[in-house]
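Welcome! Take a moment to look over the sequence and the model, and then we will walk through a few of its parts together.

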Amino acid sequence: MIILDGKKVSNDIKEEIAEHVSALVSKGEKVPHLAAILVGTDGASMTYVNAKVKACEKIGFNSTLIDLPDYTSEEELLAKINELNTNDDIDGFIVQLPLPKHIDEQKVLMAVHPDKDVDGFHPTNVGKMALDLPTFLPATPYGILELLERYQVETSGKNVVVMGRSHIVGRPMSILMSQKRKAGDATVTVVHSRSKNLAEITKAADIIVAAIGISEFLTGDMVKEDVVIVDVGITRVPDATKANGYRLAGDVHFESVSKKASYITPVPGGVGPMTIAMLLKNTLLARERRKN
């Protein structure tokens, strides 16, 4: 069993980007600038955004964090997005989700200009992705493709089961893995919490991407020998043996599934670091496009 080490691969990618940025600086060119909007004080969101800002500093990007209170109105947020859309110094930006309940997330995502949408969530970019046209790929699915490719996991002709149908992971993952690409060319099935005979479907899978949002849902009796497992989930599970009172778990029951898997991502240290690395890669792409 081989661990798909997202932390290591993400560090490799960040080193590659840092070299590229160093070359830009030596030529006197503008370095990429990533901005992030955070609304409110959600603990997980604050952790994610701070990690993105630190990653920018490490590789030589410029970064801006716009921290707004949770009582910010939808109108105020849309005005801030418009400011970033028209600011030539900003190459790409993200609006950290989830947003407070009084703000329409769909309206907010639609307001981000597609050319600065480094999260890859705008309908224009989702449509381009579906048609296999050059665009910003959603960072988590993009990171999974990169991880599979760098570990040379064979995907062509394989049966892939994607667990979950979210617009952020499940749906784009199913589209990308069915396309003609290095980490692709697969036969893809999408399952979710309402799927019947789910275990029968997962047992036939060569590769499983678990993004169903239920802690330790996929167990060893639901997979076959030598399966490849990509675990997208991350949940705090109460654990009295830990000083902080909890441990982090994915959507996969690691102990039982890892006994059968040929490759598996850990939680943490698997998909999470890859998501940030691909966001940085998208920002570099945004800078290059604006330059050209």
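## Two helices that cross

Angles from 65 to 115 degrees between two axes count as roughly perpendicular. Keep that range in mind for this predicted model, where helix α1 (residues 6-26) packs with helix α6 (residues 139-150) at an angle of about 100 degrees. That value falls within the range, so α1 and α6 are roughly perpendicular to each other. Their axes lie 11 Å apart.

Which residues bring α1 and α6 together? From α1 come G6, V9, D12, I13 and E16, and they meet E146, L147 and R150 of α6. By type, the residues of this contact divide into three nonpolar, one polar and four charged.

## A closer look at α6

How far apart are the end C-alpha atoms of α6? They are 16 Å apart. This agrees with expectation, because twelve residues at 1.5 Å a residue should span 16 Å.

Is α6 mostly covered or mostly open? It is mostly covered, with ten of its twelve residues buried. The buried residues are A139, T140, P141, Y142, G143, I144, L145, E146, L147 and L148. E146 and L147 also take part in the contact with α1.

The buried residues of α6 have several packing partners: α1, α7, β7 (207-210), β8 and α10 (271-291). Just after α6 ends, Q152 takes a positive phi of about 55 degrees.

## The annotated binding site

Now let us turn to a database record. An unreviewed UniProt entry places the feature "binding site" at G164, R165, S166 and I234. Two of these positions, S166 and I234, are described below.

Where does S166 sit? S166 lies in the loop between β5 (159-163) and α7 (170-178). Its relative accessible area is 32%, and since values between 20% and 50% count as partly exposed, S166 belongs in that group. Setting aside residues up to four places away in sequence, S166 touches R171 and P172.

I234 is found in the loop between β8 (228-231) and β9 (235-238). With a relative accessibility of 43%, I234 counts as partly exposed. Which residues does I234 contact, leaving aside neighbours within four places in sequence? They are Y48, L248, A249, G250, V267 and P268.

## Linking the parts

Two elements appear in both stories. The helix α7, which follows the loop of S166, is among the packing partners of the buried residues of α6. The strand β8, which borders the loop of I234, is another of those partners.

Notes:
Residues numbered from 1 in each chain as written. Predicted model: local features only at pLDDT ≥ 70, side-chain atom pairs only at ≥ 80, totals over all residues. Heavy atoms only, no water. UniProt positions renumbered as here; feature names shortened; annotations may be inferred. Helix = DSSP H or I, 4+ residues; strand = E, 2+ residues; numbered from the N terminus. Buried < 20%, exposed > 50% of the residue type's maximum accessible area, 1.4 Å probe, protein only. Contact = heavy atoms within 4.5 Å. Axes fitted to C-alpha atoms, helices over the stretch in contact; angles between N-to-C directions. Parallel < 35°, antiparallel > 145°, perpendicular 65-115°, else oblique. Nonpolar A, V, L, I, M, F, W, Y, C, P; charged D, E, K, R; others polar. Expected span 1.5 Å × (residues − 1).
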